[in-house]
Structure formats: C-alpha cells, structure tokens
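The exercises below are meant to be worked with the sequence and the 3D view side by side. Each one sets a task and then gives a solution that goes step by step.

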Amino acid sequence: MTKHITKNFDKPLNEDKVAFYAGSFDPITKGHFNIICQALASFSKVYVGIGDNPEKKCMLSPTERLECIQNVIQEFIAEGKKSPETLTKTQQEALKKLKQTPDAIVPLIYEGLTIDAAIKVGATTLVRGVRNDKDKAYEMLRAFELDEKQKIKTIKNNDKKSHHSVGFFYFVTT
C-alpha cells in the first residue's frame with residue numbers, strides 16, 4: 001500500500017540527504033529552476049541529472065544543456081547578489097545554501113535508468129515536478145509501482161501555491 005505523507009517543503013526535510021532531479025532540460029526553464037530551488041531548500045545537495053536518451057530528439061546536445069544549467073545557476077547567484085529583494089523566500093534559502101556550499105547544485109549528464117544514476121551519486125531522494133492533473137495522475141501511478149517494488153518510498157506535496165512545483169519526493173531505499 002502506498003503511503004503519502006503531506007509535507008510543507010518550505011521547511012528543511014532532510015538536511016543531510018541528497019536529492020536527484022532528472023529531466024531532459026531541453027532547455028531548462030524557470031519552472032525547472034524553481035523546482036531545483038524548492039528541493040535545495042529541503043536537501044543539502046541536489047543533483048540535476050540531464051538524461052541522455054539517444055532515442056529522444058532534443059534541440060540541444062547534452063553538453064549544451066549542461067552548460068545552460070550551469071549558466072542559469074551562475075546568473076541566479078549574480079542576480080541574487082545584485083537584487084536579493086526580487087527573490088522568493090525559497091530562492092533566498094537556495095541562494096544562502098549556494099553561498100555556504102557552492103556545489104550544492106550539481107548538474108550532470110547520465111545514461112540509463114534514473115534510479116541507477118541517483119544511487120550512483122548517493123542520492124536518497126528523487127524529485128519530480130508536477131504541473132497539472134495529468135502529471136499528478138502519472139506520478140501517483142509511478143509512486144504506487146515503485147512502492148510495490150519496495151525500491152522507493154514516496155511523499156507527496158499538496159501545496160497548490162506554485163503553478164510548477166515539487167510534487168513528489170521519492171525516497172530511494174537501496
């Protein structure tokens with residue numbers, strides 16, 4: 001039976017744990033970066049896994065997507081220093097963590113299964129974004145399947161404040 005624990009993600013969830021947020025990021029969007037900031041507010045490190053799937057047609061190469069993410073991180077830090085009042089509370093927390101730990105967000109390219117890449121880097125949590133009811137239904141099914149295999153435990157975010165927010169954290173149980 002899948003257990004979903006509602007959690008307020010504005011407060012630290014697991015400061016000593018590592019999260020893995022996977023996607024194609026072709027290109028990275030403000031919504032993607034918002035999810036990264038939300039995850040960083042709850043975890044000590046967030047790996048941003050750029051999936052390299054040769055069967056998926058992308059506009060940008062994996063290396064170009066990696067460079068874009070690195071640029072977005074640097075632009076975020078620069079903008080935060082210049083105009084901190086323009087940042088949300090979550091972004092301010094993410095910026096604070098990046099100042100303390102510059103490698104708190106680590107973009108990387110991976111091939112194969114996301115779960116394998118997450119385990120390889122020591123991640124204990126998979127982060128997933130949910131934009132709409134279709135995404136939510138997909139993630140609910142995925143959570144059930146993963147819980148049934150006892151590979152991952154799931155918590156769900158019911159916060160409807162953000163249009164594009166962290167919807168699920170999957171806890172990796174190795």
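## Exercise 1: a salt bridge

Asp-103 and Lys-45 form a salt bridge, with their closest N and O atoms 3.4 Å apart; the term stands for a side-chain nitrogen of Lys or Arg within 4 Å of a carboxyl oxygen of Asp or Glu. The model is a predicted one, in which local features need pLDDT of at least 70 and side-chain atom pairs count only at pLDDT 80 or more, while totals for chains, interfaces and linings use all residues. Residues are numbered from 1 along each chain as its sequence is written, and side-chain values use heavy atoms, with hydrogens and water left out.

Task: state which parts of the chain the pair links, and how many salt bridges a search of the whole structure finds.

Solution. Begin with position: Asp-103 sits in the loop between α3 and β3, whereas Lys-45 belongs to strand β2, 58 residues apart, so that distant parts of the chain are linked. Helices (H or I, at least four residues) and strands (E, at least two) are DSSP runs, numbered from the N terminus. Next, a search of the whole structure finds one salt bridge. Finally, consider exposure: Asp-103 is partly exposed, with a relative accessible area of 41%, where buried means under 20%, exposed over 50%, and partly exposed in between (1.4 Å probe, protein chains only). Thr-101, in the loop between α3 and β3, is also partly exposed, at 31% relative accessible area, and its C-alpha atom is separated by 8.8 Å from that of Ser-44, 57 residues away along the chain.

## Exercise 2: the faces of two helices

Task: determine where on α2 and on α3 the buried residues fall.

Solution. Take α2 (residues 62-82) first, which reaches 30 Å from its first C-alpha to its last over 21 residues. Its buried residues are Pro-62, Arg-65, Leu-66, Ile-69, Ile-73, Phe-76, Ile-77 and Gly-80. Seen down the axis of α2, these fall within an arc of 120 degrees, and they therefore line one face of the helix; the arc is that of the directions from the helix axis to the C-beta atoms. On the other side of α2, Gln-74, Glu-75, Lys-81 and Lys-82 are exposed. The cover over the buried residues of α2 includes α1 (30-42), β2 (43-51), α3 (89-100) and β3 (105-110).

Now turn to α3, with twelve residues, of which Thr-90, Gln-91, Ala-94, Leu-95, Lys-97 and Leu-98 are buried. Viewed down the axis of α3, the buried residues lie within an arc of 160 degrees, so they line one face of this helix as well. Lys-89, Lys-99 and Gln-100 are exposed on the other side of α3.

## Exercise 3: the nonpolar cores

Task: describe the largest nonpolar core and identify which elements supply it.

Solution. A nonpolar core is a set of buried Ala, Val, Leu, Ile, Met, Phe, Trp, Tyr and Cys residues joined through side-chain atoms within 4.5 Å. The largest has 26 residues, and Phe-76, Leu-98 and Ile-105 have the most contacts inside it. At least two residues come from each of β1 (14-23), α1, β2, α2 and α3, with α1 giving the largest share, six residues. Leaving aside neighbours within four places in sequence, Ile-105 is in contact (heavy atoms within 4.5 Å) with Phe-33, Ile-36, Leu-40, Val-46, Val-48, Ile-73 and Leu-98. A second, separate core of eleven residues includes Ala-22, Tyr-110, Ile-115 and Leu-126.

Key
Expected span 1.5 Å × (residues − 1).
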